[in-house]
Every structure is written in C-alpha cells, then in structure tokens.
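Grab a pencil and work through these exercises with the model open beside you. Try each task before you read its solution.

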Amino acid sequence: RGGQPTFLINPNAKAFRGFKGFGGDRVRHKTTFYARWSEGAYVIIPYRNVYFAYWDLLVATLLAVTGWIVPFEIAYEPVSMHHASAFWMINRFIEVVFFCDMCMQLFVAYPEELGGFRTWVTSPHTIVSNYVTTWLMPDIACVCPFDPIVRVLEGTGWIAANLAQYLALLRFLKMIRIIRILRLWQRWYEQLPFTFS
C-alpha cells in the first residue's frame, strides 16, 4: 500500500446508473423506487460524496460526546428524574442521529479486498446483506432509548423507584455506541493516500 489508493470500479455497472450525487448519471426513465434501488440509483459511494464526509464527521463528534457524558450521567443524574434535563435532551438527539445513520448504512458502499486491490462493493442487495449480518444488531443497541424505557416502567409501577436506581447501570450499555468508530475508521482508512506500514 502506498501512494494514491487504487479502486476497481466499473463505471458502466448498474450500480453507477444513479444520481450524480451518489456516484453516477441521472436515471432518464421513470421506474419504481425498488427498480431504481436495484439498479443502484441510491447507492452512496463515500469518497465521491462530500456531504457524506460531513455526516461521518457529525457521527464521530457525537461518539466523542457519548464517551464524555455517559460517566457524568451515571454518577450525577438519577434515572427517575421526570423533567427533561440537558443530558436527557442530548441523548435523544444522539439517538435520532444514530437512527438516521443506521438507515443510511443500507445504501452505503463498503470496501473489500479483491485480488490484491481495494474495491467498493456497490451492489444494493449485497450492501444490505452485509449490513444485516454485521452491523445491524450493534446499531440497534446503539439507538435503544434506555432512559425512557426505565422511566416508563417506573411510571407504570412495574418496578419500584429504588430498583430504577440499579437499572441506571443500563446506561453503561450506551458505551456500545463507541464501537461505531470502527466502521468509520475502516471507511476513512480506505480513502487515505498513504499507509501506516
């Protein structure tokens, strides 16, 4: 590895007959959403889409915020608080962004080694299959709203208030969100013009 990254991409492939912003030419004929999706009209190729780079930067920033606020949240904010605190609002915003990111991953091409070269897999069906078998379950855990669940259970009397304090430890599970940085790093690493070896 060295110099500019080498990618094997066939510009005549179906996956590239989509919108210009997502890596191809505009589709000139009217078809159904599924037909256009199958042709790759909505596939996002990371290194070709500058807006997606900004989105990745937002996700990385929120991951850093998560790693910073969760210890303070566990130590100082009771789960049984019924008003919307600053921590509560921040967590709901993070969950919304991560949910949008989870949906977006169904359209994002991913890197793969092929014959000693790096290539981007742009087949929509392969992208979905790969995502479902790799990152789907961790991403679902990332967007799980732990605090509202505990509050609802406490409000319905299903659990006692003192038990809710122990359930505050569930907040530690929010730290699983940080594993998303592995996916970001893999994507960024494939676009670096140099090697660390």
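Before we start: helices here are DSSP runs of H or I with at least four residues, numbered from the N terminus. Also keep in mind that this model is predicted.

**Exercise 1. Find the helix that holds asparagine 91, and decide whether this residue is buried or exposed.**

Step 1: Look up the helix. Asparagine 91 sits in helix α3.

Step 2: Recall the cut-off. Buried means under 20% relative accessible area.

Step 3: Compare. Asparagine 91 has a relative accessible area of 1%, so it is buried.

Step 4: Check who is around. Leaving out residues up to four places away in sequence, asparagine 91 touches Ile69, Glu73, Asp147, Lys174 and Arg177.

**Exercise 2. Now try tryptophan 188: which class of accessibility does it fall into?**

Step 1: Locate it. Tryptophan 188 belongs to helix α8, which covers residues 180-189.

Step 2: Use the cut-offs again. Partly exposed lies in between buried, under 20%, and exposed, over 50%.

Step 3: Place the value. Tryptophan 188 has 32% relative accessibility, so it counts as partly exposed.

Step 4: Look at its company on the surface. Trp188 helps make a nonpolar patch of about 520 Å², together with Ile176, Ile179, Ile181, Leu182 and Trp185.

**Exercise 3. Describe the largest nonpolar core and say which elements build it.**

Step 1: Get its size. This core has 14 residues, and Val59 and Phe98 have the most contacts inside it.

Step 2: List the contributors. Two or more residues come from each of α2 (50-76), α3 (86-104) and α5 (136-143).

Step 3: Pick the top giver. That's α2, with six residues.

Step 4: Zoom in on valine 59. Apart from neighbours within four places in sequence, valine 59 is in contact with Phe98, Asp101 and Leu184.

Step 5: Don't stop there! A second, separate core has seven residues, including Val43, Ala109, Tyr110 and Trp120.

**Exercise 4. Work out which parts of the model the predictor is most and least confident about, going by helices and strands.**

Step 1: Start with the whole chain. The mean pLDDT is 75, and 67% of the residues score at least 70.

Step 2: Compare the elements. Helix α4 (residues 124-134) has the highest mean pLDDT, 95, and helix α7 (residues 161-167) the lowest, 60.

Step 3: Mind the start of the chain. Over residues 1-27 the pLDDT is below 50, though this stretch has 75 contacts in the model beyond near neighbours in sequence.

How values were computed
Residues numbered from 1 in each chain as written. Predicted model: local features only at pLDDT ≥ 70, side-chain atom pairs only at ≥ 80, totals over all residues. Heavy atoms only, no water. Core = buried A, V, L, I, M, F, W, Y, C linked by side-chain atoms within 4.5 Å. Buried < 20%, exposed > 50% of the residue type's maximum accessible area, 1.4 Å probe, protein only. Contact = heavy atoms within 4.5 Å. pLDDT = per-residue confidence, 0-100. Patch = residues over 30% accessible without salt bridge, like charges linked within 9 Å, V, L, I, M, F, W, Y side chains within 5 Å. Areas by Shrake-Rupley, 256 points an atom, 1.4 Å probe, with all protein chains shown as cover. Salt bridge = Lys/Arg side-chain N within 4 Å of Asp/Glu carboxyl O.
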